[in-house]
Amino acid sequence: MITSAVTKRLPPFEVSKVKLRTGEFILGICVILLAAYVLVIITDFPDFTLRGKKLPGPRFFPMLLSLFLIGFGSFFIVTSFRTRSNSSLREGVISFEGILNCFVILLSVLIFMPLCNLLGTTFTIVFLGSVIMVFLGIKWYASILYSLLLGLLARVIFVDFFKVALPVGMLFKIFK
């Protein structure tokens, strides 16, 4: 009778372990709808042709972002059907730290362009990225490394690849 004693201690099998997280589901749907709207709008954008050669034009970057948004929206929809867990995370609870995090990120979005005009785009990406990541709890040396990589990647993509003139900044114009 050892088997009956062992089976009495096992928890019963639950069929309904899947819980829909409504906020993530709605966010996924909204992101996909936004991406679809952008894809519809950019169909009217003209092609960019130079000397008979078709180059990435004004519709390329919005199309690329829309495809990323569709992928992220799909990810949110799929992850909204996660299984229940006994984690210590408090879902749906608004905390002071959460509000402060949102405030810091919104503030950084608002001061991004003025800082770009003052310090230059690459330095602003590195500076603001590092500040935000340290504020959100990432170690300072990791945040500086990630921000440097992001700034370098943005510079290579936009300046070297797409030949977009990013703001150099008034402080760095002095040294030219």
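User: Ile111 caught my eye; how exposed is Ile111?

Analyst: Ile111 counts as partly exposed, because its relative accessible area is 34%, a value that falls between the 20% under which a residue is called buried and the 50% over which it is called exposed. Please keep in mind that this is a predicted model, and that Ile111 is found in helix α4.

User: Which residues form the nonpolar patch on the surface?

Analyst: Ile111 is one of them, and the others are Phe96, Leu100, Phe103, Ile105, Leu107, Val109, Leu110, Phe135 and Leu136, which together have about 950 Å² of accessible area. The largest share of this patch, 8 residues, comes from helix α4, which covers residues 96–119.

User: And Ser108, is that buried or exposed?

Analyst: Ser108, which also lies in helix α4, is buried, because its relative accessible area is 8%, and the limit for calling a residue buried is under 20%. Leaving aside residues up to four places away in sequence, Ser108 touches Leu128 and Ile132, and both of these are among the buried residues of α5.

User: Let's go to α5 then. How many residues has helix α5, and how far does it reach?

Analyst: Helix α5 runs over residues 121–135, which makes 15 residues, and from its first C-alpha to its last it reaches 21 Å, close to the 21 Å expected at 1.5 Å a residue. After α5 comes Gly137, which has a positive phi, near 105 degrees.

User: What do the buried residues of α5 pack against?

Analyst: They pack against two helices, namely α4 and α6, the latter covering residues 140–161. The buried residues in α5 are Thr121, Thr124, Ile125, Val126, Leu128, Gly129, Ser130, Ile132 and Met133.

User: On the α6 side, what does Ser147 touch?

Analyst: Ser147, which lies in helix α6, touches Ile125, Val126, Gly129, Ser130 and Met133, once residues up to four places away in sequence are left out. Ser147 is itself buried, because its relative accessible area is 1%.

User: Changing topic to cysteines: how many disulfides does a search of the whole structure find?

Analyst: The search finds 0 disulfides. As for the cysteines themselves, Cys116 counts as buried because its relative accessibility is 1%, whereas Cys30 counts as partly exposed because its relative accessibility is 45%.

User: Back towards the N terminus, where does Arg21 lie?

Analyst: Arg21 lies in the loop between α1, residues 2–9, and α2, residues 22–41. Arg21 is buried, because its relative accessible area is 11%, and its C-alpha atom is separated by 9.7 Å from that of Phe76, although the two residues are 55 apart along the chain.

User: Zooming out, how many helices and strands does the protein chain have?

Analyst: The protein chain has 7 helices and 2 strands, and from the N terminus on the order of the elements is α-α-β-β-α-α-α-α-α. Among contacts with a separation of 6 or more, 65% are accounted for by residues 24 or more positions apart.

User: Last one, what share of the residues counts as buried?

Analyst: Of the 176 residues of the protein chain, 19% count as buried. The chain exposes about 13800 Å², and carbon and sulfur atoms supply 74% of that area.

Conventions:
Residues numbered from 1 in each chain as written. Predicted model: local features only at pLDDT ≥ 70, side-chain atom pairs only at ≥ 80, totals over all residues. Heavy atoms only, no water. Disulfide = S-S within 2.5 Å. Buried < 20%, exposed > 50% of the residue type's maximum accessible area, 1.4 Å probe, protein only. Patch = residues over 30% accessible without salt bridge, like charges linked within 9 Å, V, L, I, M, F, W, Y side chains within 5 Å. Areas by Shrake-Rupley, 256 points an atom, 1.4 Å probe, with all protein chains shown as cover. Salt bridge = Lys/Arg side-chain N within 4 Å of Asp/Glu carboxyl O. Helix = DSSP H or I, 4+ residues; strand = E, 2+ residues; numbered from the N terminus. Contact = heavy atoms within 4.5 Å. Expected span 1.5 Å × (residues − 1).
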